[in-house]
Amino acid sequence: MKTIAYNKFGNTDVLQTLEQVKPALQSNQVLVRVKAFSINPMDWKIRKGEMKLMSGSKFPKNTGTDFAGIIDDIGSSVNGFKIGDEVFGVVKNMMKEGASSEYIAVPSSLVWKKPEKISFTQAASIPVAGTAAVTAIEKMGKINSQTMILVNGATGGFGMFLLQLLKQYNAKITAVTSTKGIAYTKKWGADKVIDYTKENVLLQKTAYDIVIDLSGKMGYKNAKQIMKPKSIFLNPTPQPIEIPTSLFKNLFTGKKHIVVLSNPNTAYTNVLLNAVSKDLDIEVNKVFPFEQYKEAYQYAEKGGYTGKIVVEIQ
């Protein structure tokens with residue numbers, strides 16, 4: 001089978017296609033013939049060596065975390081699935097494993113049946129970004145109609161899920177995006193939109209209860225300028241050092257810096273599946289064939305697109 005891997009940290013030029021044997025199944029695993037896998041910022045953070053404290057430096061490494069496909073085989077202790085089921089899911093350890101292969105073996109607890117109403121490319125877009133959105137809302141605490149929330153970089157995959165899931169809380173949501181993303185943020189539930197190509201959100205006079213920086217470009221230091229005395233800054237793209245230091249600094253300030261990490265599980269996925277049943281919009285911006293995976297990662301890393309980028313395996 002074909003798989004995408006790399007033997008050193010670097011840009012997309014280190015990615016290569018390798019031939020490997022199909023993975024052997026453990027009793028609690030299912031073998032999935034992958035139809036699509038999505039691209040997430042963590043993929044290139046790991047590949048560039050930015051997360052080596054967590055990923056280690058052992059090569060070769062694979063890429064990709066969430067996927068959709070068809071069950072090709074099942075382990076002896078697996079219940080609830082059968083060969084031929086259409087599923088989506090995640091690899092067990094995104095720091096050390098990858099979904100960018102024609103076949104992958106994963107625990108059945110990290111696989112869920114794909115709703116018929118969505119495509120493989122849409123299903124592959126759900127786990128990482130969707131779970132991050134559910135986690136972020138959980139970290140926000142009590143949200144009501146008076147809660148002022150700023151979503152910076154609101155039209156990527158994370159923002160797509162977050163804006164739609166936040167609508168049920170009737171919070172006052174301001175989204176920061178580019179001109180071409182305005183229509184999407186309004187469709188997904190933003191009450192106010194700031195076009196960053198025309199306005200600097202840090203120069204606005206509004207103060208927020210919650211600021212979430214999905215772009216990774218604002219940072220806690222800048223965000224404090226537009227935060228209320230008692231407020232929350234949510235950081236889904238932390239540097240490794242920020243994970244422990246934010247906990248310590250939060251002891252001494254009313255403006256809390258909270259790290260958001262995606263950890264897909266059945267409870268979070270059920271929230272997302274419920275949203276899918278109610279016509280959650282999953283925008284796949286562009287689908288690349290497997291042979292063009294380098295172009296897919298280059299396109300994703302440039303940013304500026306709406307929704308998710310997915311690689312499809314025929």
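# Contacts and spaces: worked exercises

**Exercise 1.** Lys45 and Glu50 form a salt bridge, with their closest N and O atoms 3.5 Å apart. Check the contact and classify the burial of each partner.

*Solution.* The model is predicted: local features need pLDDT of at least 70, side-chain atom pairs count only at pLDDT 80 or more, and totals for chains, interfaces and linings use all residues. Residues are numbered from 1 along each chain as its sequence is written, and side-chain values use heavy atoms, with hydrogens and water left out.
- Step 1: apply the criterion, a side-chain nitrogen of Lys or Arg within 4 Å of a carboxyl oxygen of Asp or Glu. The 3.5 Å contact of Lys45 and Glu50 is a salt bridge.
- Step 2: apply the burial classes, which are buried under 20% relative accessible area, exposed over 50% and partly exposed in between (1.4 Å probe, protein chains only). Lys45, at 13%, is buried. Glu50, at 35%, is partly exposed.

**Exercise 2.** How many salt bridges does a search of the whole structure find? Place the Glu19 and Lys2 pair in the fold.

*Solution.*
- Step 1: the search gives 10 salt bridges.
- Step 2: Glu19 and Lys2 make one, at 3.6 Å between the closest N and O atoms.
- Step 3: locate the partners, taking helices (H or I, at least four residues) and strands (E, at least two) as DSSP runs numbered from the N terminus. Glu19 is in strand S2 (residues 16-19) and Lys2 in strand S1 (residues 2-6), so the bridge ties together parts 17 residues apart in sequence.
- Step 4: Glu19 is exposed at 56%. Lys2 is partly exposed at 37%.

**Exercise 3.** Which parts of the chain does the Asp279 and Lys117 pair link?

*Solution.*
- Step 1: the closest N and O atoms of Asp279 and Lys117 are 2.9 Å apart, in a salt bridge.
- Step 2: Asp279 is in the loop between helix H9 (266-277) and strand S15 (284-289). Lys117 is in the loop between strand S8 (111-113) and helix H3 (120-124). The two residues are 162 residues apart, in distant parts of the chain.
- Step 3: Asp279 has 60% relative accessibility and is exposed.

**Exercise 4.** Which class does the ring pair Tyr184 and Trp188 belong to?

*Solution.*
- Step 1: rings of Phe, Tyr and Trp (its six-membered ring) pair if their centres lie within 6.5 Å; planes under 30 degrees apart are stacked, over 60 edge-to-face, and the rest tilted. The structure holds eight aromatic pairs.
- Step 2: the centres of Tyr184 and Trp188 are 5.3 Å apart and the planes at 45 degrees, so this pair is tilted.
- Step 3: both residues sit in helix H6 (residues 182-188), four residues apart, about one turn.
- Step 4: Tyr184 is partly exposed at 25%, whereas Trp188 is buried at 0%.
- Step 5: Phe290 and Tyr293 make another tilted pair, at 6.0 Å and 50 degrees. Both Phe290 and Tyr293 are buried.

**Exercise 5.** Which rings do Arg47 and Lys286 lie over?

*Solution.*
- Step 1: the test asks for NZ of Lys or CZ of Arg within 6 Å of the ring centre and within 35 degrees of the ring normal.
- Step 2: Arg47 lies over the face of Tyr297, 5.8 Å from the ring centre. The charged end of Lys286 is over Tyr299, 4.9 Å from the ring centre.
- Step 3: Arg47 is also linked with Lys48 and Glu301 in a network of salt bridges.

**Exercise 6.** Which elements give two or more residues to the lining of the second largest pocket?

*Solution.*
- Step 1: on a 1 Å grid over the protein atoms alone, a pocket is an open set of points with protein on both sides within 12 Å along at least five of seven lines, and lining residues have an atom within 4 Å of a point. Points are joined across faces, edges and corners; volume is the space filled by probe spheres set on them. Here the volume is about 380 Å³.
- Step 2: 15 residues line the pocket; the closest to its centre are Gln164, Leu165, Gln168, Asn274 and Ala275.
- Step 3: the elements are helix H4 (127-140), helix H5 (157-166) and H9.
- Step 4: 10 of the 10 residues of H5 are buried, so this helix is largely enclosed by the rest of the structure. Gln164 and Leu165 are among the buried residues of H5.

Technical notes:
1 Å grid on protein atoms, 1.4 Å probe; cavity = no way out; pocket = protein on both sides within 12 Å on 5 of 7 lines; lining within 4 Å.
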